[in-house]
Amino acid sequence: MAFEVTGAERGEWAVLRVAGELDLVTSPVLRQRVHDAVAEGHHQLVLDLSEVFFCDSSGVGVLIAARRLIRSCQGRLRLILPDRGADDGSHVNRVLGALGVRRLFDVRPDVDAAVADEADSLSA
């Protein structure tokens with residue numbers, strides 16, 4: 001599977017869907033796409049990592065840098081990391097957990113959950 005980053009908009013959120021291996025070779029592509037999205041005025045960003053099957057330290061570095069960039073703009077960053085069973089769960093989820101940085105991110109199970117505004121879902 002080739003590395004691919006595709007973009008879409010869902011309401012006020014920019015969604016970047018990432019597929020393939022997020023490593024030393026491909027992580028600069030994602031870094032640039034995040035910077036481009038912010039430069040275009042998108043300060044609410046979803047990174048859909050559900051199709052990333054490998055992530056090394058350079059990929060984690062890009063995620064942390066994206067968080068820092070979005071926070072500097074008073075924006076919001078959400079990651080989509082499906083939480084399946086231990087055998088077939090998200091590789092990125094396991095890597096972030098192993099490195100102790102998963103808690104830094106607002107993690108959601110899918111795009112719908114990521115673009116939902118919690119305030120809208122509260123009942124009176």
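1. The expected span of a helix is taken as 1.5 Å times one less than its number of residues. Against that yardstick, helix α2, residues 57–72, can be judged in this predicted model: the helix has 16 residues and reaches 22 Å from its first C-alpha to its last, close to the 22 Å expected. After α2 comes Gln74, with a positive phi near 55 degrees.

2. The overall architecture may be stated briefly. The protein chain contains five helices and five strands, and along the sequence these follow the pattern β-β-α-β-α-β-α-β-α-α. Of the 124 residues, 44% are buried. Among contacts with a separation of 6 or more, 71% join residues that are 24 or more positions apart. The chain exposes about 6700 Å², and carbon and sulfur atoms supply 51% of that area.

3. The five strands form an open sheet, in the order β1-β2-β3-β4-β5, with mixed pairing. The edges are occupied by β1 (4–10) and β5 (106–108); each has a single partner strand, so one side of each is left without a neighbour in the sheet. Direction ignored, neighbouring strands are turned by 25 degrees against each other on average.

4. Two of the pairings illustrate the mixed character of the sheet. Strands β1 and β2 pair in the antiparallel sense over seven bridges, and Val5 stands opposite Val18 in β2. Strands β3 and β4, in contrast, pair in the parallel sense over five bridges; here Leu47 stands opposite Leu79 in β4. As a general matter, strands of a sheet pair through backbone hydrogen bonds, either parallel or antiparallel.

5. Two helices deserve comment for their placement on the sheet. Helix α2 lies across β2, β3 and β4, and runs at about 150 degrees to β4. Helix α3 lies across β3 and β4, running at about 95 degrees to β3.

6. The buried residues of α2 are Ser58, Gly59, Val60, Val62, Leu63, Ala65, Ala66, Leu69 and Ile70. Their packing partners are β2 (13–22), α1 (27–39), β3 (44–55), β4 (76–80) and α3 (91–99). The recurrence of such positions may be read against a general property: an α-helix has 3.6 residues a turn, so residues three or four places apart point the same way.

7. The largest nonpolar core has 29 residues, and those with the most contacts inside it are Leu30, Leu45, Leu47, Leu49, Leu63, Leu79 and Leu96. Two or more residues of this core come from each of β2, α1, β3, α2, β4 and α3. Helix α2 gives the most, with six residues. Apart from this core lies another, of seven residues, including Val15, Val111, Ala114 and Val115. In soluble globular proteins, nonpolar side chains tend to be buried together.

8. Leu63 merits individual attention, being one of the residues with the most contacts inside the largest core. Its neighbours within four places in sequence aside, Leu63 is in contact with Leu30, Leu47, Leu49, Leu77, Leu79, Val92, Leu96 and Phe105.

9. Leu77 lies in strand β4. Four of the five residues of that strand are buried, so β4 is largely enclosed by the rest of the structure. Leu77 itself has a relative accessible area of 11%; because the cut-off for burial is under 20%, Leu77 counts as buried. Leaving aside neighbours within four places in sequence, Leu77 is in contact with Leu45, Leu47, Leu63, Ala66, Arg67, Ile70, Phe105 and Asp106. The C-alpha atoms of Leu77 and Ala114 are 9.3 Å apart in space, while the two residues are 37 residues apart in sequence.

10. Val101 offers a loop position for consideration, placed between α3 and β5. Is Val101 buried or exposed? With a relative accessible area of 14%, Val101 is buried. Its contacts, leaving aside neighbours within four places in sequence, are with Val60, Ile64 and Leu96. Val101 and Ile64 are 37 residues apart along the chain, and their C-alpha atoms are separated by 8.6 Å.

Technical notes:
Residues are numbered from 1 along each chain as its sequence is written. This is a predicted model: local features need pLDDT of at least 70, side-chain atom pairs count only at pLDDT 80 or more; totals for chains, interfaces and linings use all residues. Side-chain values use heavy atoms; hydrogens and water are left out. Buried means under 20% relative accessible area, exposed over 50%, partly exposed in between (1.4 Å probe, protein chains only). Contact means heavy atoms within 4.5 Å. A nonpolar core is a set of buried Ala, Val, Leu, Ile, Met, Phe, Trp, Tyr and Cys residues joined through side-chain atoms within 4.5 Å. Accessible areas come from the Shrake-Rupley method with a 1.4 Å probe; for residues, only the protein chains shown count as cover. Two strands pair if DSSP finds at least two bridges between them. Axes are lines fitted to C-alpha atoms, for helices over the stretch in contact, and angles run from 0 to 180 degrees between N-to-C directions.
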